[in-house]
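The following report walks through selected side-chain contacts and surface features, and is best read with the structure open alongside.

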Amino acid sequence: MDQRQDDSHDEFFDFDADFGTAPVNDGNKADAAKTKRRVLAAVLAAVMLVMGFLIGWFGYYYSLDEGLRTFLWAKKMTERNYYKDIDEEKLYADLIAALESQLDPYSCFYTAREYERILRESEGQNEGYGFAVTEESAGDFHAAQVAYVVENSPAQLAGLKKGMYILAFGAQENALQTGDIDEFLSFVSKNDGAFFMRFGYDVDGSDGKVARVEASDYLAAYCYYRDSETSFAFRGGEQLKLVETHDPIGELPADTAYIRLDEFNGNAADEFKGCLNIMKERRRSNLILDLRSNGGGYLNILTDIAGHLLRNAAESDPIVATANYKSGKKTAFAAEENDFSSYFSADARVSVLADENTASASECLIGALVDYGTIGYGDIYLRRDKDSGEARSYGKGIMQSSFPSLSGDVMKLTVATVHWPVTGKCIQGVGVTEKDGAHAITAPLVWGAADTFLVEAIAEIAANN
């Protein structure tokens, strides 16, 4: 049964008051009058305070847009008249979700706890296992394949590498089960933080290795150095140190170094400089910079790294990127220095590897390298997808900023388009493509024991010298 109630009227507080009169003492009328005046003054002061509050409240209320006032009215009517209590936590979560649905994929709301975790991760202070999987099926073979492994994570230290298959898993080493990606993810979600895996590159398990992996806090590393004779990586617990890992790339020319940069997060700027110093010490004059699957990160780390790589830029404060806001405001982001000549000769060759997951700060770095003549488009090597035939980087030429509330919750919002420093080019929705003059190499996105993209790129770079 519905009961209609007319709630169209406005609610007001009743300010009417009967002050009355103070008792009169015929012997002291002056004191009685003074007392009456004090009481009246106190009451009037209280009334004025309440009126001031209400005027402020109504001013705020009617400053809200009509849609928000309607929602507040509807919520109040529901709370007052609905036969059940509403779940306010779910209500507000649904409202945030509705707001996010109006935004681009890069804008979202974080609770204070979520944002605290994101800040820790941006500083390299990660937690968990440190790897992600994708699905791989071939005939009767169905398994999770490792899509990436975070440097210095528990998974990486256990021997897990990109492209390996999770062949079996279980809580006990002697009781492993097989399963597809859904079964594996279900198992991981239910385990107590540590489990055993058998993993390897061969689907028949001939090269399989069993290791225990335990979720824990760890410092993520983002840079990795290799040349034709050896390699160096950042390892450690409370502090990362560059250590030799003996994993050379035999196909590299003797004068060429390879540096992989996974993200513009954590201590990536110092790590990158450390890799450049190793390159200098080992007398490598050319560089292959691998930005494949680097989804970006923070502008300050980008500008620090770019400050080592700008061939024809000013020695101090070279602009790396410019942000254009909807207000018309433009902000230039500059590196503090440009010490290119400290690591490279005037004729040094720099080449860049990228794929469809190379995005944001990575694409911005590529733009700065192109604009300042460190590389030409012919020095960029893109992955061509064998199904679509397309070869391009991701195409994210926009920037986000975070806006915290007093409670610690945060709205991350896209606030500006990002433009290359000299030409002003914005690659939003386009990316760097083969049509620009970049080379395209057909290779798998997730490679196995052999990185065919890298091997072919090295061969093409040598041929183009």
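## Arg 384 and its partner

In this predicted model, Arg 384 counts as partly exposed, at 23% relative accessibility. The side chain of Arg 384 meets that of Glu 434 in a salt bridge, with 2.6 Å from N to O. Glu 434 likewise counts as partly exposed, in its case at 33% relative accessibility.

The pair links distant parts of the chain, since Arg 384 belongs to strand 17 while Glu 434 sits in the loop between strand 19 (410-419) and strand 20 (439-442), and 50 residues separate them. Salt bridges that share partners also occur in this model, joining Glu 151, Arg 235, Arg 260 and Asp 262 into one network.

## Arg 383, Glu 356 and the end of strand 17

Arg 383 has its own salt bridge, formed with the side chain of Glu 356 at 2.6 Å from N to O. Arg 383 lies in strand 17, whereas Glu 356 is in the loop between strand 16 (350-354) and helix 10 (361-371), so the salt bridge ties together parts of the chain that are 27 residues apart in sequence. The two partners differ in their cover: Arg 383 has a relative accessible area of 7% and is therefore buried, while Glu 356, at 23%, counts as partly exposed.

Glu 356 can also be placed relative to Asp 385, which is 29 residues away in sequence and 8.9 Å away in space when taken from C-alpha to C-alpha. Asp 385 is found in the loop between strand 17 (380-384) and strand 18 (398-404), and its relative accessibility of 22% makes it partly exposed.

## Salt bridges in the wider structure

As a general point, side chains of opposite charge can pair when their charged atoms come close. How many salt bridges does the structure hold? The total is 23.

A further example joins Glu 88 and Lys 75, whose closest N and O atoms are 3.1 Å apart. Here too the pair links distant parts of the chain, with Glu 88 in helix 3 (residues 88-100) and Lys 75 in helix 2 (residues 66-81), at a separation of 13 residues. Lys 75 is buried, because its relative accessible area of 13% falls under the 20% limit, whereas Glu 88 counts as partly exposed at 34%.

## A nonpolar patch between helix 2 and helix 3

Tyr 82, Tyr 83 and Ile 86 make a nonpolar patch on the surface, with an area of about 350 Å². Within this group, Tyr 83 is placed in the loop between helix 2 and helix 3, and its relative accessibility of 65% counts as exposed.

## Asp 317 and the negative patch

A patch of negative charge is also found on the surface, where Asp 270, Asp 304, Asp 317, Glu 336 and Glu 337 gather. One of these residues, Asp 317, lies in the loop between helix 8 (299-306) and strand 14 (319-325). Is Asp 317 buried or exposed? With a relative accessible area of 52%, Asp 317 is exposed, because the limit for that class is over 50%.

## Positive phi values outside glycine

Asp 317 has a second feature that can be checked in its backbone, namely a positive phi of about 55°, although the residue is not a glycine. Ser 293, which is likewise a residue other than glycine, has a positive phi near 60°. Ser 293 lies in the loop between strand 13 (286-290) and helix 8, and at 32% relative accessibility it counts as partly exposed.

## Aromatic contacts

The structure holds twelve aromatic pairs. Among them is the pair of Phe 187 and Phe 195, whose arrangement is edge-to-face, with 5.6 Å from centre to centre and 90° between the planes. Both Phe 187 and Phe 195 are buried.

These two rings also belong to one aromatic cluster, in which Phe 187 and Phe 195 are joined by Tyr 129, Phe 131, Phe 169 and Phe 184.

Notes. Residues are numbered from 1 along each chain as its sequence is written. This is a predicted model: local features need pLDDT of at least 70, side-chain atom pairs count only at pLDDT 80 or more; totals for chains, interfaces and linings use all residues. Side-chain values use heavy atoms; hydrogens and water are left out. Patches are made of residues with over 30% relative accessible area and no salt bridge: like charges are joined within 9 Å, nonpolar side chains (Val, Leu, Ile, Met, Phe, Trp, Tyr) within 5 Å. Accessible areas come from the Shrake-Rupley method with a 1.4 Å probe; for residues, only the protein chains shown count as cover. A salt bridge is a side-chain nitrogen of Lys or Arg within 4 Å of a carboxyl oxygen of Asp or Glu. Lys and Arg count as positive and Asp and Glu as negative; His and the chain ends are not counted. The place of a charge is taken as NZ of Lys, CZ of Arg, CG of Asp or CD of Glu. Helices (H or I, at least four residues) and strands (E, at least two) are DSSP runs, numbered from the N terminus. Buried means under 20% relative accessible area, exposed over 50%, partly exposed in between (1.4 Å probe, protein chains only). Rings of Phe, Tyr and Trp (its six-membered ring) pair if their centres lie within 6.5 Å; planes under 30 degrees apart count as stacked, over 60 as edge-to-face and the rest as tilted.
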